[in-house]
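Here is a friendly briefing to read alongside the structure. Have the viewer open, and follow the topics in whatever order suits you.

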Amino acid sequence: MNAKVSQGKKLKQAISENTPLQIVGTVNAYSSLLAEKKGHKAIYLSGGGVAASSMGLPDLGITTLQDVLIDVERITSVCELPLLVDADTGWGGAFNISRMVKSMITSGAAGIHIEDQVEQKRCGHRPNKELVSSEEMQNRIKAGVDAKTDSDFMIMARTDAIANEGLDSALGRAASYVEAGADAIFAEAITEIEDYKKFSENLNVPILANITEFGKTPLFSKEELKEAGVDMILYPLSAFRAMSKAAEGVYSEILEKGTQQDLIDRMQTRDELYEVLDYHTFEKKLDDLFEE
């Protein structure tokens with residue numbers, strides 16, 4: 001990855017050129033290559049995805065900054081798409097958040113979102129979430145903004161207040177987060193399409209809609225969200241869920257039938273894998289280096 005290229009600028013450009021910008025979750029480097037080759041313009045690393053896919057843990061604030069950075073670096077080392085990263089609550093106080101932002105930029109991320117839950121956070125679509133005060137969240141944002149070494153690096157504020165405090169409180173919190181320096185707003189667990197419109201009309205920064213499966217938010221279409229003024233649509237774990245379900249089926253059938261023969265037409269071929277990885281270019285390099 002070319003360190004001179006501002007990934008934050010690439011993300012902002014993608015938002016301006018795509019209305020709305022669809023951002024797909026990629027839980028690892030190979031997934032990011034698949035998304036890039038299919039024509040997507042931006043990708044996302046979910047905190048829940050890191051916890052489940054890389055660590056085998058639930059999304060309950062157990063993973064560390066270093067756990068996430070490992071996956072960030074693996075993705076950005078092979079994929080040119082701007083990467084938005086889930087930074088949970090920032091992994092600590094002001095100095096921890098500062099370190100996190102600097103590390104994300106160095107690792108090649110284009111932006112992060114940070115949320116207003118307490119440090120022992122929960123999935124945004126689960127009950128019993130607890131929030132910090134609006135003032136504490138503003139301080140998190142200020143610490144992140146102050147730490148930027150790339151002025152275009154995106155710091156997005158996520159508010160989980162709708163489920164706990166209602167729409168008006170969430171709108172008020174979001175406005176205060178923008179005033180503190182947030183570049184965009186992520187309103188979690190919205191249930192009505194009209195509520196996105198209220199965020200869009202009341203705030204002068206891009207709005208992200210999290211369209212995750214099996215949660216509180218209906219699976220609104222791209223067209224519906226465009227009409228509501230949404231600037232970014234996030235699909236954080238869609239591919240991971242499909243991949244996991246497919247893997248379960250493969251493991252079951254091999255155990256039950258003693259062969260994978262009937263599964264072949266559902267598999268990516270060796271040639272298709274090599275095409276994604278640009279395998280033959282690497283192989284030719286070996287041949288050129290060590291030819292007689």
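## Salt bridges and local geometry

Glutamate 165 pairs with arginine 173 in a salt bridge, with 3.0 Å between the closest N and O atoms. Please keep in mind that this is a predicted model. A search of the whole structure turns up 15 salt bridges, and a few of them are described below, followed by backbone details and a surface patch.

**Salt bridges**

- The two partners of the opening pair differ in burial: glutamate 165 is partly exposed, at a relative accessible area of 39%, whereas arginine 173 counts as buried, at 8% relative accessibility.
- Aspartate 160 and lysine 129 also form a salt bridge, and their closest N and O atoms are 3.0 Å apart.
- Aspartate 160 sits in the loop between strand S5 (154-159) and helix H7 (161-165), and lysine 129 in the loop between strand S4 (111-115) and helix H6 (134-147), so this pair ties together parts that are 31 residues apart in sequence.
- Are these two residues buried or exposed? Aspartate 160 counts as buried because its relative accessibility is 0%, and lysine 129, at 5%, counts as buried too.
- Both residues belong to a network of salt bridges that links Glu115, Lys129, Arg158, Asp160 and Glu188.
- Arginine 241 and glutamate 213 meet through their side chains in a salt bridge, at 2.5 Å from N to O.
- That pair links distant parts of the chain, 28 residues apart: arginine 241 is in helix H11, and glutamate 213 is in the loop between strand S7 (207-210) and helix H10 (222-227).
- Arginine 241 is partly exposed at 29% relative accessibility, while glutamate 213 is buried at 17%.
- As background, side chains of opposite charge can pair when their charged atoms come close.

**A buried charge without a salt bridge**

- Aspartate 195 is part of helix H9 (residues 193-202).
- Which side chain of opposite charge is nearest to aspartate 195? The nearest one is lysine 198, 4.1 Å away, and aspartate 195 is buried yet has no salt bridge.
- The reason is the cut-off: a salt bridge needs the nitrogen within 4 Å of the carboxyl oxygen.
- Leaving aside residues up to four places away in sequence, aspartate 195 touches Leu167 and Ile190.

**Backbone geometry**

- By way of context, most residues other than glycine have a negative phi, and most peptide bonds are trans.
- Threonine 19 and proline 20 are joined by a cis peptide bond, with omega at about -10°.
- Proline 20 lies in the loop between helix H1 (7-17) and strand S1 (21-25).
- Aspartate 88 has a positive phi, near 50°, although this residue is not glycine.
- The location of aspartate 88 is the loop between strand S3 (83-86) and helix H5 (94-106), and aspartate 88 counts as buried because its relative accessibility is 5%.
- Alanine 189 is also a residue other than glycine with a positive phi, here near 60°.
- Alanine 189 is in the loop between strand S6 (184-187) and H9, and is buried, with a relative accessible area of 5%.

**Helix H11 and what follows**

- How far apart are the end C-alpha atoms of helix H11 (residues 238-257)? They are 29 Å apart, which agrees with the 28 Å that its 20 residues should span at 1.5 Å a residue.
- The expected value is 28 Å because the 1.5 Å is multiplied by one less than the number of residues.
- Glycine 258, just after H11, adopts a positive phi of about 75°.

**The loop between H3 and H4, and a nonpolar patch**

- Met55, Leu57, Leu60 and Ile62 make up a nonpolar patch on the surface, and together they have about 300 Å² of accessible area.
- Leucine 57, one of these residues, lies in the loop between helix H3 (47-55) and helix H4 (65-76), and is partly exposed, with a relative accessible area of 31%.
- Proline 58 is found in the loop between H3 and H4 as well, and is partly exposed at a relative accessible area of 43%.
- The C-alpha atom of proline 58 is separated by 22 Å from that of isoleucine 97, a residue 39 places apart along the chain.

Methods
Residues are numbered from 1 along each chain as its sequence is written. This is a predicted model: local features need pLDDT of at least 70, side-chain atom pairs count only at pLDDT 80 or more; totals for chains, interfaces and linings use all residues. Side-chain values use heavy atoms; hydrogens and water are left out. Helices (H or I, at least four residues) and strands (E, at least two) are DSSP runs, numbered from the N terminus. Buried means under 20% relative accessible area, exposed over 50%, partly exposed in between (1.4 Å probe, protein chains only). Lys and Arg count as positive and Asp and Glu as negative; His and the chain ends are not counted. Contact means heavy atoms within 4.5 Å. Patches are made of residues with over 30% relative accessible area and no salt bridge: like charges are joined within 9 Å, nonpolar side chains (Val, Leu, Ile, Met, Phe, Trp, Tyr) within 5 Å. Accessible areas come from the Shrake-Rupley method with a 1.4 Å probe; for residues, only the protein chains shown count as cover.
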